[in-house]
Amino acid sequence: MIGRTISHYALEDRLGEGGMGTVYLARDTLLGRKVAIKVLAPAAAGDPELAGRLLREAKAASRLNHPNIVTVYEVGRAGDLDFIAMEHVDGRPLSGLIPPGGLPIAQVLDYGGQVASAVAAAHAAGIVHRDLKPANVIVTQSGRVKVLDFGLARIVRPPGPGESAPPTLQTMAATAPGAMLGTVGYMSPEQIQGKPADARSDVFSLGVMLFEMLAGRRPFEGDSTWAVMAATVNAGAPPVASLRPETPPALAAIVGRCLAAQPGDRYGSAADL
């Protein structure tokens, strides 16, 4: 694909690959700027329902205008290729910046606040990310955080007056009942159980990220995927202060509330967090 032009984007390098597609560094030949292009994987592109869901939800994400969210420029199709063109961020994934003993607490508050602000903007627009994790957060050299990859995002009915979280889901495209979408280790218990995920599920994932930034490890571990899922559903998260004693009590309480097993015991949305 390197050297190929999709629409008016000339592919120059491969940045990464995931289950839903491959991301390339490209040059916008019309505007002369660098962009990131996600080309849907053949399996996804060959499934009209899946491709349609991903593209519709990417279009929904393109409505978001926030300094901590990667901007989606265009969603389109060129020949037999479905693609998403987005802002190219020069930085490193947060997953590669967390040392074994955790980040300095001031940095945890800085990064955590920026991520929560980004997710709060998505929640206000009725979008639940559903795959929040350090690998989906880019940190620039100046310390600006950018949340990306709304590939699993789900559109929900925005909260009504007096509601802290959307009680029902109204998706733009159907997800199979009981489908488990997300990343093991960061998914909420309800995601693992195939139940509907609302804003409080993202709050749980944010809690996992805060815990990992503080402790240098995730709260739920195991020697297999199944063991991690079982721990997430059945075992409570250890107090983060037991692994990082200097964690301020207020911050430890915030992390603990985010990681509550029952959605009703968490913050209602990232705005509350």
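1. Two strands are taken as paired if DSSP finds at least two bridges between them. In this predicted model, I37 stands opposite A85 of strand β6. The pairing behind that position is between β4 (residues 33-40) and β6, which run antiparallel and are joined by 5 bridges.

2. Strand β5, residues 72-78, also pairs with β6: the two run antiparallel, with 6 bridges joining them. Here V75 is the residue opposite I84 of β6.

3. The connection from β5 to β6 is a hairpin, with 2 residues between the strands. G79 sits in the turn and has a positive phi of about 65°.

4. How many residues of β6 are buried? The count is 7 of 7, and the strand is mostly covered. As background, side chains in a regular strand alternate between the two faces of the sheet.

5. E87 belongs to β6, which spans residues 81-87. Is E87 buried or exposed? E87 counts as buried because its relative accessibility is 17%, and the cut-off for buried is under 20%.

6. What does the side chain of E87 contact through polar atoms? Its partner is the side chain of K146, at 3.2 Å. K146 also appears among the residues that E87 touches, together with A36, I69, V70, T71 and Y73, when residues up to four places away in sequence are not counted. Of these, A36 falls within the residue range of β4, and Y73 within that of β5.

Technical notes:
Residues numbered from 1 in each chain as written. Predicted model: local features only at pLDDT ≥ 70, side-chain atom pairs only at ≥ 80, totals over all residues. Heavy atoms only, no water. Helix = DSSP H or I, 4+ residues; strand = E, 2+ residues; numbered from the N terminus. Buried < 20%, exposed > 50% of the residue type's maximum accessible area, 1.4 Å probe, protein only. Polar contact = N/O pair within 3.5 Å; in protein donor to acceptor, adjacent residues only side chain to side chain. Contact = heavy atoms within 4.5 Å.
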